[in-house]
Amino acid sequence: LQQSINFKMALAQKAFTPAVASRGPVRVSRVEVYARDSRIGARPITLPKGVTVTLSNNGRAMAVKGPKGELSLKFLDAIKFEEKDGVIKCARVDQTKFGMMQWGLSRTLANNMVEGVSNGFSKTMELVGTGFRASATAKELTLNVGYTFPRVLPIPEGVTVKVEKNTTMTIFSNDKAQLGDFCAVIRKQRPPEPYKGKGIRFQGEVIKLKEGKAGGRK
């Protein structure tokens, strides 16, 4: 009887004894998870009338020509383009996560090139402030935005600036990336300040204003 009691006590003690972690090397199996196909990358690009595309380097370099000019771009080896009957299709060669990441991006860049040489891109910017004004020539943009001396910016090749009413300017380009970069340089000359909103802003841009020191006195 005593042996039976001792055996049951030993089993109970073993059941409630915490397990000691093994000090040996822990092996973790790596599982690669693949995302689903990119909906953007799978969309075909239809060429508008008057736009021609030339592919080279086994479909990894593209040159687009249209009414608004000509653009060219080299893509990574993970992506390949094919053109047939006025339709461009983008396919991934590298069946990895990196290839899937570049698939949608490359298709978007190619579509921007086609859109740029056919219709072009434009952004409108406004100067808000007393005495703020702008003037433009073929090669320079002059901004009077409250400093002692005006800010003179060289206009990049392929970009056109049109000033209306001295406080509104529209920037045109067939390269969407170049257009965005130049607009960022313009806005950087006098970003909108958070109390009265004075500065250079995009048309329709919402500036969140702060309350001044007098706003807290009630």
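How many helices and strands does the secondary structure of the protein chain come to? In this predicted model, the protein chain holds three helices and 13 strands. Of its 218 residues, 29% count as buried, and among the contacts between residues at least 6 apart in sequence, 49% join residues at least 24 apart.

A convenient place to enter the fold is the loop between helix 1 (2-16) and strand 1 (45-46), where serine 38 lies. Serine 38 counts as buried because its relative accessibility is 19%, and buried means under 20%. Once its neighbours within four places in sequence are left aside, serine 38 is in contact with Trp103 and Gly104. The second of these partners illustrates a link across the sequence, since serine 38 and glycine 104 are 66 residues apart along the chain and yet 6.1 Å apart in space, C-alpha to C-alpha.

The next element to consider is helix 2, which covers residues 97-118. With 22 residues at 1.5 Å a residue, helix 2 should span 32 Å, and its end C-alpha atoms are 33 Å apart, so the expected and modelled spans agree. Just after helix 2 comes glycine 120, whose phi is positive, at about 85°.

Positive phi values also turn up in residues other than glycine. Asparagine 57, in the loop between strand 2 (52-56) and strand 3 (61-66), has a phi near 55°, and with a relative accessible area of 53% asparagine 57 is exposed. Asparagine 166 has a positive phi of about 65° although it is not a glycine; its place is the loop between strand 11 and strand 12, and its relative accessible area of 45% makes it partly exposed.

That loop leads into an open sheet of four strands, which has the order 11-12-7-13 and antiparallel pairing. Its edge strands, each pairing on one side only, are strand 11 (159-164) and strand 13 (199-202), and neighbouring strands of the sheet are turned by 25° against each other on average, direction ignored. In general, the strands of a sheet pair through backbone hydrogen bonds, either parallel or antiparallel.

The sheet can be followed from one edge to the other. Strand 11 pairs with strand 12 (residues 168-173) in the antiparallel sense over six bridges, and glutamate 164 has threonine 168 of strand 12 as its bridge partner. On the way across, strand 12 pairs with strand 7 (residues 121-128), again in the antiparallel sense and over six bridges; here methionine 125 has methionine 169 of strand 12 as its bridge partner. Strand 7 in turn pairs with strand 13 in the antiparallel sense over four bridges, with valine 128 standing opposite glycine 199 in strand 13.

Strand 12 also contains serine 173, which counts as buried because its relative accessibility is 5%. A polar atom of the serine 173 side chain lies 3.2 Å from the backbone nitrogen of aspartate 175. Leaving aside neighbours within four places in sequence, serine 173 is in contact with Gly120, Phe121, Gly158, Val159, Gln178 and Leu179, and the first residue in that list, glycine 120, is the one with the positive phi just after helix 2.

The sheet strands return in the description of the nonpolar interior. In soluble globular proteins, nonpolar side chains tend to be buried together. Here the largest nonpolar core has 19 residues, of which Leu143, Met169, Ile171 and Ile186 touch the most other members. The elements that give two or more residues to this core are strand 7, strand 9 (140-144), strand 11, strand 12 and helix 3 (176-188), and helix 3 supplies the largest share, four residues.

Leucine 143 gives a view of the surroundings of one core member: leaving aside its neighbours within four places in sequence, leucine 143 is in contact with Leu127, Arg133, Ala134, Pro150, Arg151, Leu153, Met169, Ile186, Gln189 and Ile200. Apart from the largest core lies another, of 17 residues, among them Ile45, Met62, Ile79 and Val114.

Conventions
Residues are numbered from 1 along each chain as its sequence is written. This is a predicted model: local features need pLDDT of at least 70, side-chain atom pairs count only at pLDDT 80 or more; totals for chains, interfaces and linings use all residues. Side-chain values use heavy atoms; hydrogens and water are left out. Two strands pair if DSSP finds at least two bridges between them. Axes are lines fitted to C-alpha atoms, for helices over the stretch in contact, and angles run from 0 to 180 degrees between N-to-C directions. Buried means under 20% relative accessible area, exposed over 50%, partly exposed in between (1.4 Å probe, protein chains only). Contact means heavy atoms within 4.5 Å. The expected span of a helix is 1.5 Å times one less than its number of residues. A polar contact is a pair of N or O atoms within 3.5 Å; within protein, one must be able to donate a hydrogen and the other to accept it, and residues adjacent in sequence count only if both atoms are side-chain atoms. A nonpolar core is a set of buried Ala, Val, Leu, Ile, Met, Phe, Trp, Tyr and Cys residues joined through side-chain atoms within 4.5 Å.
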